[in-house]
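Got the viewer open and a selection box ready? Let's take a short walk, one stop at a time.

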Amino acid sequence: MLELPESYTIAGQLDEIVKGKQIEQVVAGASPHKFAFFNGEPEACRGQLLGMKVDRATSYGGYVEIEFGDKRLLLGDGVNIRYLEAKEKKPKKHQLLLTFEDESALVFSVAMYGAIWAYTEGENDNYYHQVAREKPSPLSGEFNWEWFEGIVAAAKKNTSAKALLATEQRIPGLGNGCLQDILFNARVNPRTKLEYLTEEELSRLFDSVKATLHQMTVKGGRDTEKDIFGMKGGYKSILSKNTYKAPCPVCGGAIVKEAYLGGSVYYCPNCPPNKNC
């Protein structure tokens, strides 16, 4: 799923590969999917994008945005983005296919759920997109200790560490996937509530948000996700669906997998113990 390291990586790849290319064909909604969300009818994408030339691609939180003059194509969490050379065979199933004048293409597909919006700049009032654009990225200097202190201060004391980082758009682009290694590196249990975290632990949590997301990003995303060429990211996830059966890399204990707040959490119960009383 698209989170900050992947959206940043994919936007950079798109900006390098498709900038300046003109769209000659738009196929939208070819494979109906009840959890593929468009801002209107899928076919409206054709009117927005046909004949447009790519100006640039950027990322905001977990979103990838492609600019075509005053038109925008916004891809949200859950949308798989693949680039195909002219000679490569195009898949039969997809939610959106853009073919360029050189016969290369971008294919957008949704597995579980995902959002694809094509619109004129200024016409998208989606709350989550707006928040992602307005709040500072953890990769930037604006996301500093003072900003993080403000996030903590605004949260209720019974808010868990996972909820603090990955809910209510407090840190756009930081989701349940990136969360696992951030908490592990900070030695903070996902269930521990803010009222039981010391100043030192909060400081470690802040440092881990910055450092872990930086490492994930500079290495081209996590190895649980793929880029526009179908290649896995270079960041080796410590805790994920692929690694949780292995022993804890610190103490050798068993990793716990639990359902919590709408997704699975993985943690070592010994290294970051749950401090809730």
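Start by selecting L261, which sits in the loop between β10 and β11 (263-267); helices (H or I, at least four residues) and strands (E, at least two) are DSSP runs, numbered from the N terminus. You're looking at a predicted model, in which local features need pLDDT of at least 70, side-chain atom pairs count only at pLDDT 80 or more, and totals for chains, interfaces and linings use all residues. Residues are numbered from 1 along each chain as its sequence is written, and side-chain values use heavy atoms, with hydrogens and water left out.

Check the backbone of L261: phi is near 55 degrees, a positive value in a residue other than glycine. Most residues other than glycine have a negative phi. L261 counts as partly exposed because its relative accessibility is 45% (buried is under 20% relative accessible area, exposed over 50%, partly exposed in between, using a 1.4 Å probe and protein chains only).

Now jump to R187, in the loop between α6 (176-186) and α7. Here's another non-glycine with a positive phi, about 60 degrees for R187. R187 is partly exposed, with a relative accessible area of 28%.

Next, pick M1, in the segment before α1 (4-17). What makes up the nonpolar surface patch that includes M1? Add F35, F37, M112 and Y113 to the selection and you have it, about 500 Å² together with M1. Patches are made of residues with over 30% relative accessible area and no salt bridge, nonpolar side chains (Val, Leu, Ile, Met, Phe, Trp, Tyr) being joined within 5 Å and like charges within 9 Å. M1 itself is partly exposed, at 33% relative accessibility.

Stay on M1 and show its backbone nitrogen: a polar atom of the E225 side chain lies 2.5 Å away. E225 belongs to the loop between α7 (199-218) and β10 (256-260). E225 is buried yet has no salt bridge (a side-chain nitrogen of Lys or Arg within 4 Å of a carboxyl oxygen of Asp or Glu); R222, the nearest side chain of opposite charge, is 4.1 Å away.

Last stop: the cysteines. How many disulfides are there? Zero, taking a disulfide as a pair of cysteine sulfur atoms within 2.5 Å. Select C178, whose sulfur is 20 Å from the closest cysteine sulfur, in C248, too far for a bond. C248 is in no disulfide either, and its nearest cysteine sulfur, that of C271, is 3.6 Å away. C178 is buried at 0% relative accessibility, and C248 is buried at 3%.

Note on methods: Areas by Shrake-Rupley, 256 points an atom, 1.4 Å probe, with all protein chains shown as cover. Lys, Arg positive; Asp, Glu negative; His and termini not counted. Polar contact = N/O pair within 3.5 Å; in protein donor to acceptor, adjacent residues only side chain to side chain.
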